[in-house]
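Below are some notes for a colleague reading this model, set out as numbered points. They start from a single residue and move outwards to the sheet, the helices and the charged pairs.

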Amino acid sequence: MACNSDFVQYIADQCSGAGEIVTKKMFGDYAIYCDGKFFGLICDDCFYLKPTEAVRGLLRQVILRPPYEGAKDYFHIVDVDDHDYLSSLVRETCRHLPEPKKRKRPVK
């Protein structure tokens with residue numbers, strides 16, 4: 001089941017207090033980035049956050065489950081209507097994730 005584009009935009013808006021939020025479509029679902037750093041997924045109209053120990057203590061409800069079959073467990077975030085809460089979760093998650101690797105451009 002693919003994501004509803006309105007839901008994807010809503011999640012991006014809710015996370016926007018953390019930085020520049022970008023979503024990228026992949027196989028009917030979406031990867032979500034903050035300031036260039038991949039931090040979560042939006043799959044089947046559900047929001048998933050990469051798990052970090054630092055964020056576990058901030059969650060109102062800890063639900064670990066894979067966003068799609070065969071994936072590792074992510075935090076499934078049910079309470080997506082609180083802008084400040086989501087922004088703080090994203091900000092803290094990104095603080096504890098490694099910087100993205102620089103991709104080499106192919107030589108032409």
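1. In this predicted model, serine 87 is a convenient place to begin, since the residue is buried, with a relative accessible area of 3%. Serine 87 belongs to helix α3, which spans residues 83-95, and, once its neighbours within four places in sequence are left aside, it is in contact with Gln14, Cys15, Ser16, Gly17 and Ala18.

2. Two of those contacts, Gln14 and Cys15, are also listed among the buried residues of helix α1 (residues 5-15), together with Val8, Ile11 and Ala12. Seen down the axis of α1, these buried residues fall within an arc of 165°, so they line one face of the helix. The cover over them includes helix α3 as well as the strands β1, β2, β3 and β4. At the start of α1, a side-chain oxygen of asparagine 4 comes to within 2.6 Å of the backbone nitrogen of aspartate 6.

3. The sheet deserves a careful look: it is open, has six strands in the order β1-β2-β3-β4-β6-β5, and is paired in the antiparallel sense. Its edge strands are β1 (21-26) and β5 (64-65), each of which pairs on one side only.

4. Within the sheet, strand β3 (residues 37-43) has six of its seven residues buried, so this strand is largely enclosed by the rest of the structure. Strand β2 (residues 29-34) is joined to β3 by five bridges and runs antiparallel to it, with tyrosine 33 having phenylalanine 38 of β3 as its bridge partner. On the other pairing, β3 meets strand β4 (residues 46-49) over four antiparallel bridges, and here cysteine 43 has cysteine 46 of β4 as its bridge partner.

5. Both hairpins involving β3 merit a check of backbone geometry. The hairpin of β2 and β3 has two residues between the strands, and aspartate 35 takes a positive phi near 50° there; the hairpin of β3 and β4 likewise has two residues between the strands, with aspartate 44 at a positive phi near 50°.

6. Further along the sheet, β4 is joined to strand β6 (residues 74-77) by three bridges, again antiparallel, and phenylalanine 47 has isoleucine 77 in β6 as its bridge partner.

7. What should be said of the charged pairs, and how many salt bridges are there? The count comes to five. One of them joins glutamate 99 to lysine 37, whose closest N and O atoms are 3.2 Å apart; because glutamate 99 lies in the segment after α3 and lysine 37 in strand β3, this pair ties together parts that are 62 residues apart in sequence. The two partners contrast in their surroundings, for glutamate 99 is exposed at 61% relative accessibility, whereas lysine 37 is buried at 9%.

8. Arginine 60 and aspartate 82 form another salt bridge, at 2.7 Å from N to O. This pair links distant parts of the chain, 22 residues apart, with arginine 60 in the loop between α2 (53-56) and β5 and aspartate 82 in the loop between β6 and α3. Aspartate 82 counts as partly exposed, at 25% relative accessibility.

9. Helix α3 also holds a local pair, glutamate 92 and arginine 95, which lie three residues apart, about one turn of the helix, and meet in a salt bridge of 3.0 Å, N to O. Glutamate 92 is buried, with a relative accessible area of 18%, while arginine 95 is exposed at 61%. Elsewhere, salt bridges that share partners join Arg60, Asp79 and Asp82 into one network.

How values were computed
Residues numbered from 1 in each chain as written. Predicted model: local features only at pLDDT ≥ 70, side-chain atom pairs only at ≥ 80, totals over all residues. Heavy atoms only, no water. Buried < 20%, exposed > 50% of the residue type's maximum accessible area, 1.4 Å probe, protein only. Contact = heavy atoms within 4.5 Å. Pairing = 2+ DSSP bridges. Arc of directions from axis to C-beta. Polar contact = N/O pair within 3.5 Å; in protein donor to acceptor, adjacent residues only side chain to side chain. Salt bridge = Lys/Arg side-chain N within 4 Å of Asp/Glu carboxyl O.
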